Amino acid sequence: MKLAALGEVMVEFAPQQGRGGAAPLFALSFAGDTYNTSIYIARNGIQVSYATLLGDDPYSERMLQAMGAEGLDTDAIERLPGRCPGLYTIQNSADGERQFTYWRGESPARELFLDERCRARLQDHLRQMDCLYLSGITLAIMAPEAREHLLTFLDSFRRDGGRVAFDSNYRPRLWASKEAAREAVGGFLQQSDIALLTLEDEQLLWGDRSAGKCLDRNARHHLEELVLKRGPEPVLLQYDGELTALDVPAVRDIVDTTGAGDAFNAGYLAARLKRVEPELAVAAGNRCAAQVIRHRGAIIPAADYLPEREMPAGGLARA
Ligand code: ADP
């Protein structure tokens, strides 16, 4: 089973504890929602290709090396001469919240699916996949005409038996308006088989008053699998005409919930690609997220990560 994820990976500068009141030092790493998910899917033993555009600068080079070290396939990545990837910094405010500042307006990833030749090459690559994964952030950074091309491609990909997984990941400042976001996200849900949604984002985008209202509203998309994440609250799974609430095991020593949803998606999708049934895949999603929130940052060191091994159906306790 092979999955390709489409999106943007950025340079991340995260502050480190300054010693003795010294000015903070920043640790350099790479992150981005679909990228984070890709890393954990690959760590869980599924072949993953990451599709994006990078520049020809030293940071793009280091990103490719990092992807290679994680075992990601980088064959679909185009390089744009004279360009460099987007960047963000993290600041820890006095109340312990993390504040993110972005420089991503000129990121090469914004040209995903735009240029005709690059698009043709990418489509050939994506047709070899069993599953494609993208998010509302992927859509938000793409040009509207490129989104249309991608939508048309997903239609033919699904007709040929491929499956599409989508996380709406709504980030208001990436969109021109809420209406534009609704139209794009609604259109892509129509071309999705698996939706991995977060209630908080859904409420922000659609104004749903409850989880029930959110599920009702999504009925029109005829999704095969709908997973609604709600932080520590039970995950709601709609599958095969049934709605199930699955408890999230309590996690002690939570350090940073950045990337919890991305990690959950990875645990879930990797399990589904191994043909694990959806309820057990939710448990795998919870386990992946639980590891990540006990560490600082969206991508925890590979040495600290416990991969999901082959999971014989029924061989794991329910969440
Ligand atoms: P997002 O990161 O997209 O905002 P959520 O906050 O809903 O997503 O969290 C995604 C998943 O991460 C949850 O379904 C759960 O598995 C795990 N998770 C998040 N917060 C907690 C928590 N406080 N305790 C245990 N698990 C959590």
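In what sense do strand 7 and strand 8 pair, and over how many bridges? In this predicted model, strand 7 (residues 87–92) pairs with strand 8 in the antiparallel sense, and the pairing runs over six bridges.

**The sheet**

Strands 7 and 8 belong to an open sheet of four strands, ordered 3-2-7-8, with mixed pairing. Strand 3 (25–31) and strand 8 (98–103) are the edge strands, and each of them pairs on one side only. From one strand to the next, the twist averages 25°. Helix 2 (residues 58–69) packs on this sheet and touches strand 2 (10–16) as well as strand 3. The direction of helix 2 makes about 60° with that of strand 3.

Strands of a sheet pair through backbone hydrogen bonds, in either a parallel or an antiparallel arrangement. One bridge between strands 7 and 8 can be named: Leu 87 has Trp 103, in strand 8, as its bridge partner. Apart from neighbours within four places in sequence, Trp 103 is in contact with Gly 86, Leu 87, Tyr 88 and Thr 89. Trp 103 and Tyr 88 are separated by 15 residues in sequence, while their C-alpha atoms are 6.0 Å apart.

**Helices 7 and 8**

Helix 7 (residues 199–206) packs against helix 8 (residues 211–218) at an angle of about 70°, and their axes are 10 Å apart. Angles from 65 to 115 degrees count as roughly perpendicular, so helix 7 and helix 8 are roughly perpendicular to each other. Helix 7 contributes Leu 199, Glu 202 and Trp 206 to the contact, and these meet Ala 211, Cys 214, Arg 217 and Asn 218 of helix 8. By class, the residues of this contact are four nonpolar, one polar and two charged.

**Cysteines**

A disulfide is a covalent bond between the sulfur atoms of two cysteines. The structure holds zero disulfides. Two of the cysteines are set out below.

| Cysteine | Nearest cysteine sulfur | Sulfur distance | Relative accessibility |
|---|---|---|---|
| Cys 118 | Cys 84 | 18 Å | 17% |
| Cys 288 | Cys 131 | 16 Å | 1% |

Why does Cys 288 form no bond with Cys 131? The sulfur of Cys 131 is the closest cysteine sulfur to that of Cys 288, but at 16 Å it is too far for a bond; a disulfide requires the sulfur atoms to be within 2.5 Å. Cys 118 is likewise in no disulfide. Because buried means under 20% relative accessible area, Cys 118 counts as buried at 17%, and Cys 288 counts as buried at 1%.

Notes: Residues numbered from 1 in each chain as written. Predicted model: local features only at pLDDT ≥ 70, side-chain atom pairs only at ≥ 80, totals over all residues. Heavy atoms only, no water. Axes fitted to C-alpha atoms, helices over the stretch in contact; angles between N-to-C directions. Helix = DSSP H or I, 4+ residues; strand = E, 2+ residues; numbered from the N terminus. Parallel < 35°, antiparallel > 145°, perpendicular 65-115°, else oblique. Contact = heavy atoms within 4.5 Å. Nonpolar A, V, L, I, M, F, W, Y, C, P; charged D, E, K, R; others polar. Buried < 20%, exposed > 50% of the residue type's maximum accessible area, 1.4 Å probe, protein only. Pairing = 2+ DSSP bridges.
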